[in-house]
Amino acid sequence: MNSKRSGPRFSAAWLFLPALFASLSLVSCAKKQTRLVLRTNNVEFVSFAELYNASQDKARLVVHFQEEPAKNLSAKNSEKPDILAGSCLSAEMENKSFARLNSMLKENGPLGQSSFYPALLQSGRLGDNQYLIPVSFNLPALVFYSENYESLQDAAMLSFDDIKSLSQKFNSQRKDGVWNSMGFGPLWSADFLYLIFKDAGVFFNVGANSISYTENLFLKTSDFVRDWIQQVNGGAKNEQDFAFKYLYMPFYSQVQSGRCLFSYATSRQILSLPKDRVHDLDFRWICNDNKIQIEDDYVSVGIYAKSKNKAAAKKFIAWLMSEYTQKQILDRKAQMNLATNDFGIAGGFSALQSVTERLFPLYYRSLLSNTPVADRLCAPQKFPSDWARVKSAAVEPFILDSVGGSSGNYPTLSERYEALLASEGK
């Protein structure tokens, strides 16, 4: 009864060893997979993350949405990002928020400098160092009804002088002075008004608690716009009354109605529309001195300076900014064929010239004669992350009051900015 038991008492344990080793192997593989955190204000990066995670098993990209991606980076109660992507990031370069990306653009690096639109690539540089890689951008345009094509067929772009001249020719009034049609009014769009001031070189400097601008140039530009309104459309009241009567509809319906020649929109607004709404529309980019101003909200991507996963983050950026990947993204959008699909790459033209010039016209037929020309593009100044709110709540209303026939008793730009800060509890 007390005889010793031999080796077979351990045989059951040996049966479990292969499964145990397999389990340990899986855990080991899981530990090797790098967790990358991307913080962005552009929802399309969620789709990019899905594609990236499916394309490789070395890293898993997780996306966190935040209106101002580069804000509160030092907060202790939030997960630190490895990658920052979105609009209005360039001002943060001076705060040393980003890691240098010079190696990615060297001759043997994964990205080629000549592949990008020069103005956009330069906007992500500070001194001799590249901190941001441009992803996408949009351009300002005037939309018109295709039946009016004859009067615009020789214009690849529209200067302010072109807009004034063509609009005046389109204008018509009844004998009693009532306007039947009006080509275009600067007061119809706050964004168009802002574009005039930006094109003129007016600089807006936003500080922590103050805002300033180049006042002399602002006043000169205000005079230019007021003269335009008076000479072409007979004054601010005429433009405003006409808009109230006839332009209460979406921008594409305004020109389709025949009441006006032009309507202002961005490339994103135009090319995101379903095909049944744009089949009888055309458009031209707005230029000044043969230069087209890129919209302020162009999208860039960079690596957080304190990230511990910089090598893995660079691999994601290299993957995203390749023609092969971006063709996959465009194919995926076309296959989904959803009316809610956004335009292009991250809501705009690709910062890669080859993708925008060669691939985009295959998916957006209206670009066959409207592809952006690289040496015509100008990048905007470096704005803070909350610029969209500041522009909408303070800058554009101030411009509108300065040219719209107000008596002069309206808040200054500083007063509007202070009111905005107060409303946000700052």
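About 60 Å³ of space lies in the largest cavity of this predicted model. A cavity here is a set of points, on a 1 Å grid over the protein atoms alone, where a 1.4 Å probe fits but cannot get out. Its volume is the space filled by probe spheres set on the points, with grid points joined across faces, edges and corners. Counting cavities of 30 Å³ or more gives 1.

So what lines the largest cavity? Its walls are Asp 191, Tyr 194, Leu 195, Lys 198, Tyr 264, Glu 295, Asp 296 and Lys 391; a lining residue has an atom within 4 Å of a point. Helix H5 (residues 190-199) gives the largest share, 4 residues. By class, the lining has 5 charged residues, 3 nonpolar and no polar ones. In this scheme Asp, Glu, Lys and Arg are charged, while Leu and Tyr are among the nonpolar ones.

A quick word on the ground rules. Residues are numbered from 1 along each chain as its sequence is written, and side-chain values use heavy atoms, leaving out hydrogens and water. This is a predicted model, in which local features need pLDDT of at least 70 and side-chain atom pairs count only at pLDDT 80 or more, while totals for chains, interfaces and linings use all residues.

Now for the sheets. Helices (H or I, at least four residues) and strands (E, at least two) are DSSP runs, numbered from the N terminus. Two strands pair if DSSP finds at least two bridges between them.

| Open sheet | Strand order | Pairing |
|---|---|---|
| 6 strands | S2-S1-S3-S16-S6-S17 | mixed |
| 4 strands | S8-S14-S7-S13 | mixed |

Take the sheet of 4 strands. Its edge strands, S8 (157-159) and S13 (263-266), each pair on one side only. From one strand to the next, the twist averages 45°; angles run from 0 to 180 degrees between N-to-C directions, and axes are lines fitted to C-alpha atoms, for helices over the stretch in contact. Strands S7 (residues 140-145) and S14 (residues 281-287) pair in the antiparallel sense over 5 bridges, and Ala 141 stands opposite Trp 285 in S14. Helix H4 (residues 160-170) packs on this sheet, touching S7, S8 and S14, with its direction at about 85° to that of S8. Contact means heavy atoms within 4.5 Å. H5, the helix from the cavity lining, packs on the sheet too, touching S7, S13 and S14.

How far can you trust the model? pLDDT is the predictor's confidence in each residue, from 0 to 100. The protein's mean is 88, and 90% of its residues reach 70 or more. Over residues 1-30, though, pLDDT stays under 50. Where pLDDT is low, the predicted coordinates should not be read in detail.

Definitions and conventions
1 Å grid on protein atoms, 1.4 Å probe; cavity = no way out; pocket = protein on both sides within 12 Å on 5 of 7 lines; lining within 4 Å.
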